[in-house]
Amino acid sequence: MSASESTQHLPAPPVAPDTSQRRLRVAQGILLLFHVTGFLGLAFSKDPAFYLQFVPLNLLLTAVLLFAFQRDRGFAFIGFCITTMAVGFFVEVVGIETGKLFGQYSYGATLGPKWLNVPLLIGLNWLMLTYMAGVLARYLPVGGFLRAVAAALLLVGMDICLEPVAVQYDFWAWAYDVIPLQNFKGWFAVSLILQVYFNRTDFEKRNPLVPFVYLLQLLFFFGLGWFIR
């Protein structure tokens, strides 16, 4: 047997055990840098408009890094992404046009270009939040529907922290400057539907970057909302 034949059945050389951890730390460092810079700029700058123009870029960067750590990116995952973005976007279109889902509101300029009076990035935002909450809920030792409920509550919790910041920095504005309870009920209902769909879609639902991103965004919006009171 030749030397080349004898090596055909040898196992592939193992990947260095700390390679994935290094990638994770780099991604966390980049996201932390962007969020800390944004927090300081919005909280202390006399010209927050300069930092607000980078909000769409920050959202896109977060999405790219987040989904880079999703190992299973097969057809099921791609289908989930497309469906969730479409549902999230058109739910907002219905919400804007009717005022019956979340209350009466309108989008400002901060989130970038719009179609049908809704920023194009809103679908991506719904996807990221649905995905992160769904992955986090997988840590709970409960059944599928209770897990979906828990994940929907995580989304509502994020929205509660986000709302004061969004209103202050022209993400969107509410009629009469009042955030209605209907908004949170609508968020929960839509989130629950998307979480049931998430649980029933067959792809690997693990991502080591998710806990960091969710906590980072939660602290960012909670801290900024507390600071601007």
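Helices and strands here are DSSP runs, with at least four residues (H or I) for a helix and at least two (E) for a strand, and they are numbered from the N terminus. Counted that way, the chain of this predicted model holds nine helices and four strands. Walking along the sequence, the order reads α-α-α-α-α-β-β-β-α-α-β-α-α. As for overall extent, the C-alpha trace spans about 80 × 40 × 35 Å along its principal axes.

Helix packing comes next, starting with α2 and α4. The axes of α2 (19-44) and α4 (55-68) lie 11 Å apart, and the two helices pack at an angle of about 165 degrees. That makes α2 roughly antiparallel to α4, since angles over 145 degrees count as roughly antiparallel. The crossing in which α2 passes α4 is left-handed. On the α2 side, the contact is made by Arg 23, Ala 27, Ile 30, Leu 31, Phe 34 and His 35, while α4 brings in Asn 58, Leu 61, Thr 62, Leu 65 and Ala 68. Sorted by class, this contact has seven nonpolar residues, three polar ones and one charged.

Helix α8 (residues 181-200) turns up in two further packings. One of them is with α5 (residues 75-98): the pair packs at an angle of about 170 degrees, with axes 11 Å apart. That makes α5 roughly antiparallel to α8. From α5, the residues Gly 79, Phe 80, Thr 83, Thr 84, Val 87 and Val 91 meet Val 190, Leu 194, Tyr 197 and Phe 198 of α8. The residues of this contact split into seven nonpolar, three polar and no charged.

The other partner is α6 (122-137). Here the axes of α6 and α8 come within 10 Å and cross at roughly 65 degrees, and α6 passes α8 in a right-handed crossing. The α6 side of the contact consists of Trp 126, Leu 129, Thr 130, Tyr 131, Ala 133, Gly 134 and Val 135, and the α8 side of Trp 187, Val 190, Ser 191, Leu 194, Gln 195 and Phe 198. In terms of class, the contact between α6 and α8 has nine nonpolar and four polar residues, with no charged ones. Val 190, Leu 194 and Phe 198 of α8 are thus among the residues that touch α6, and they also meet α5.

Now for the empty spaces, beginning with the closed one. There is one cavity of 30 Å³ or more, and about 110 Å³ of space lies in the largest cavity. Its lining is made up of 13 residues, with Glu 92, Tyr 105, Tyr 107, Trp 172 and Trp 187 nearest the centre. Two or more lining residues come from each of β1 (105-107), α6, α7, β4 (172-174) and α8. The biggest contribution is that of α6, with three residues. By class, the cavity lining has eight nonpolar, two polar and three charged residues. Trp 187, one of the residues nearest the cavity centre, also takes part in the contact of α8 with α6.

The open spaces include two pockets worth describing. The largest pocket has a volume of about 530 Å³. It is lined by 25 residues, and Phe 54, Val 55, Asn 58, Leu 59 and Phe 220 are the closest to its centre. Several helices share in this lining: α2, α3 (48-52), α4, α6, α7 (144-168) and α9 (210-227) each supply at least two residues. Of these, α2 gives the most, with six. The lining has 18 nonpolar and seven polar residues, and no charged ones. Asn 58 plays a double part, as it is listed among the residues closest to the pocket centre and also in the contact of α4 with α2.

The second largest pocket holds about 330 Å³ of space. Of its 17 lining residues, Phe 69, Arg 71, Arg 206, Asn 207 and Pro 208 are the closest to the centre. Once again α2 provides the largest share of the lining, this time four residues. The class make-up here is six nonpolar, four polar and seven charged residues, whereas the lining of the largest pocket has no charged residues.

Definitions and conventions:
Residues are numbered from 1 along each chain as its sequence is written. This is a predicted model: local features need pLDDT of at least 70, side-chain atom pairs count only at pLDDT 80 or more; totals for chains, interfaces and linings use all residues. Side-chain values use heavy atoms; hydrogens and water are left out. On a 1 Å grid over the protein atoms alone, a cavity is a set of points where a 1.4 Å probe fits but cannot get out, and a pocket is an open set with protein on both sides within 12 Å along at least five of seven lines; lining residues have an atom within 4 Å of a point. Grid points are joined across faces, edges and corners, and a volume is the space filled by probe spheres set on the points. Ala, Val, Leu, Ile, Met, Phe, Trp, Tyr, Cys and Pro count as nonpolar, Asp, Glu, Lys and Arg as charged, and the others, Gly among them, as polar. Axes are lines fitted to C-alpha atoms, for helices over the stretch in contact, and angles run from 0 to 180 degrees between N-to-C directions. A crossing is left-handed if the near helix is turned anticlockwise from the far one by less than a right angle, and right-handed if clockwise. Contact means heavy atoms within 4.5 Å. Angles under 35 degrees count as roughly parallel, over 145 as roughly antiparallel, 65 to 115 as roughly perpendicular and the rest as oblique.
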